[in-house]
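Q: Hey, I'm new to this one. Can you walk me through it?

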Amino acid sequence: MVAGGRSHFKPSTNVEISPGAGYTPPVAEPRILELAKTLEALACPDRLKIVAYLLAQEGPSCGDVAQALGMSQSALSYHLRILEGAGLLERWRQGRTRCLRLRRPARDLLPPKILKQLQKEATPWKSKSTK
């Protein structure tokens with residue numbers, strides 16, 4: 001024993017930890033996997049800010065979102081890819097402008113308490129709406 005009551009136990013480095021023979025990990029249902037992907041996408045403060053902004057603004061351009069949230073275009077693009085991959089938003093072109101909006105399932109998926117909090121966070125952006 002060393003000071004503080006800790007021992008010098010050092011596990012062997014040649015022991016491989018693996019499940020027993022014949023072990024098959026459980027397969028998650030597709031809906032569970034989809035929900036996990038969605039929740040993972042929302043587990044980032046920057047992405048939650050984007051969702052809040054999109055709740056306040058209808059169809060802003062990518063540039064508008066980046067400017068309002070103080071993000072670089074590359075950072076915004078990264079977060080948008082994740083949100084889009086989780087099925088939470090959609091992008092479309094209006095001339096040369098790329099616009100964004102939340103997909104309906106995104107609003108339906110969020111629990112009412114969280115949706116209400118995000119809408120409260122979006123209040124400053126609602127007053128600055130130009131559309």
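Here is a short chat about the fold, the surface and the model's confidence.

A: Sure. This is a predicted model, where local features need pLDDT of at least 70 and side-chain atom pairs count only at pLDDT 80 or more, while totals for chains, interfaces and linings use all residues. Residues are numbered from 1 along each chain as its sequence is written, and side-chain values use heavy atoms, leaving out hydrogens and water.

Q: What's the secondary structure of the protein?

A: Seven helices and two strands. Those are DSSP runs numbered from the N terminus: helices are H or I with at least four residues, strands E with at least two. Along the sequence the pattern goes α-α-α-α-β-β-α-α-α.

Q: How many of the residues count as buried?

A: Of the 131 residues, 28%. Buried means under 20% relative accessible area, exposed is over 50%, and partly exposed is in between (1.4 Å probe, protein chains only).

Q: Where is Leu109, and is it buried or partly exposed?

A: Leu109 sits in helix 5 (residues 104-109). Leu109 counts as partly exposed because its relative accessibility is 35%.

Q: New topic: what is the mean pLDDT?

A: The mean is 80, and 74% of the residues reach 70 or more. pLDDT is the predictor's confidence in each residue, from 0 to 100.

Q: Which elements have the lowest and highest mean pLDDT?

A: Helix 7 (residues 123-127) has the lowest, at 71, and helix 4 (residues 73-85) the highest, at 95. Where pLDDT is low, the predicted coordinates shouldn't be read in detail.
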